[in-house]
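Reader: I am a first-year student, and I should like to take a close look at a single part of this structure. Would you please guide me through the aromatic residues and then through their surroundings?

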Amino acid sequence: MKSQFALKLTTLSRNIGRANRALTLAAVLGVGAAIVAVPAPAQAQATKIGFVSTERILRDSKPAKAAQAKIEAEFKKRDTELQNMANRLRSEAQKFDKDAPVLSESERIKRQRALADLDSDLQRKRREFQEDFNRRRNEEFSGIVEKADAAIKQIAEQQNYDLIIQDAVTVSPRVDITDQVMKALGG
């Protein structure tokens with residue numbers, strides 16, 4: 001059992017701890033009130049924020065549509081060749097399926113190899129086509145992005161924007177300046 005002195009000492013230390021916490025809380029609240037009472041010059045000015053949808057610019061602007069049409073025209077011949085090759089593979093596979101029951105073992109293996117070779121050639125050419133198409137598309141669209149960035153900077157300077165964001169989860173239409181950027185790009 002604790003002595004009376006030890007109990008008084010424990011009670012006294014608890015009371016001092018509570019008093020210190022109360023003083024600390026009062027000090028923090030006092031400092032917080034002082035900060036709120038004195039407005040900083042930076043808080044007095046509103047921050048002007050804008051938003052630009054890069055996706056919309058690369059999809060709907062006149063330069064983007066022109067670049068897309070140009071790329072499609074460049075790759076139209078190769079795309080047609082790939083479609084013809086795929087049709088030929090399909091028709092030869094159907095013919096093989098129809099003829100397979102009456103073919104000799106060696107003829108069946110020969111035609112299966114020919115179909116496999118044609119299929120792998122088609123897959124290789126499709127990969128090459130897709131890589132070339134993507135590389136060409138990136139070349140064209142990187143120029144559009146550069147022009148859009150320049151237009152965005154010009155609009156930001158002219159209209160005194162503090163911050164312009166290009167990717168956001170949600171955007172209010174009042175801060176969306178995508179139409180202005182598209183207009184600056186020519187549509």
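Author: Please keep in mind from the outset that this is a predicted model. Before turning to the aromatic residues, it helps to have the whole chain in view. The chain contains six helices and two strands, and from the N terminus on these elements follow the order α-α-β-α-α-α-β-α. Of its 187 residues, 21% are buried. Among the contacts between residues at least 6 apart in sequence, 81% join residues at least 24 apart. The accessible surface of the chain comes to about 14,000 Å², and carbon and sulfur atoms account for 55% of that area.

Let us now consider the aromatic residues. How many aromatic pairs does a search of the whole structure find? The search finds three. One of them consists of Phe75 and Phe129, whose ring centres are 5.6 Å apart and whose planes stand at 85 degrees; planes over 60 degrees apart count as edge-to-face, so this pair is edge-to-face. The pair links distant parts of the chain, since Phe75 belongs to helix α4 and Phe129 to helix α5, with their positions 54 residues apart in sequence. Phe75 and Phe129 are both buried.

Phe75 also pairs with Phe133, again edge-to-face, with 5.4 Å from centre to centre and 75 degrees between the planes. This pair, too, links distant parts of the chain: Phe75 is in helix α4, Phe133 is in helix α5, and they are 58 residues apart. Ring pairs thus link Phe75, Phe129 and Phe133 into a cluster.

Why does Phe75 count as buried? Its relative accessibility is 8%, and the term applies to values under 20%. Phe133, at 17% relative accessibility, counts as buried by the same cut-off.

Helix α5, which spans residues 105-158, also holds Arg137. Arg137 is partly exposed, because its relative accessible area is 33%. Leaving aside residues up to four places away in sequence, Arg137 touches Gln68 and Ile71. From Arg137 to Glu72 the C-alpha distance is 9.5 Å, although the two are 65 residues apart in sequence.

Beyond helix α5, the loop between α5 and β2 (163-165) contains Asn160. Asn160 has a positive phi of about 55 degrees, although it is not a glycine. With a relative accessible area of 57%, Asn160 is exposed.

A further loop, the one between α3 (54-60) and α4 (62-99), is the place of Ser61. Is Ser61 buried or exposed? Ser61 counts as buried, because its relative accessibility is 0%. The side chain of Ser61 reaches the backbone oxygen of Ile57 at a distance of 2.7 Å.

Finally, we may turn to the surface. Ile49, Leu163 and Ile165 form a nonpolar patch there, and together they have about 220 Å² of accessible area. Ile49 is found in strand β1, residues 49-51, and counts as partly exposed because its relative accessibility is 36%.

To return to your request, the part to examine is the cluster of Phe75, Phe129 and Phe133, which ring pairs link together. In that cluster, Phe75 in helix α4 and Phe129 in helix α5 come from distant parts of the chain.

Key: Residues numbered from 1 in each chain as written. Predicted model: local features only at pLDDT ≥ 70, side-chain atom pairs only at ≥ 80, totals over all residues. Heavy atoms only, no water. Helix = DSSP H or I, 4+ residues; strand = E, 2+ residues; numbered from the N terminus. Buried < 20%, exposed > 50% of the residue type's maximum accessible area, 1.4 Å probe, protein only. Contact = heavy atoms within 4.5 Å. Areas by Shrake-Rupley, 256 points an atom, 1.4 Å probe, with all protein chains shown as cover. Patch = residues over 30% accessible without salt bridge, like charges linked within 9 Å, V, L, I, M, F, W, Y side chains within 5 Å. Salt bridge = Lys/Arg side-chain N within 4 Å of Asp/Glu carboxyl O. Polar contact = N/O pair within 3.5 Å; in protein donor to acceptor, adjacent residues only side chain to side chain. Phe/Tyr/Trp six-rings, centres within 6.5 Å; stacked < 30°, edge-to-face > 60°.
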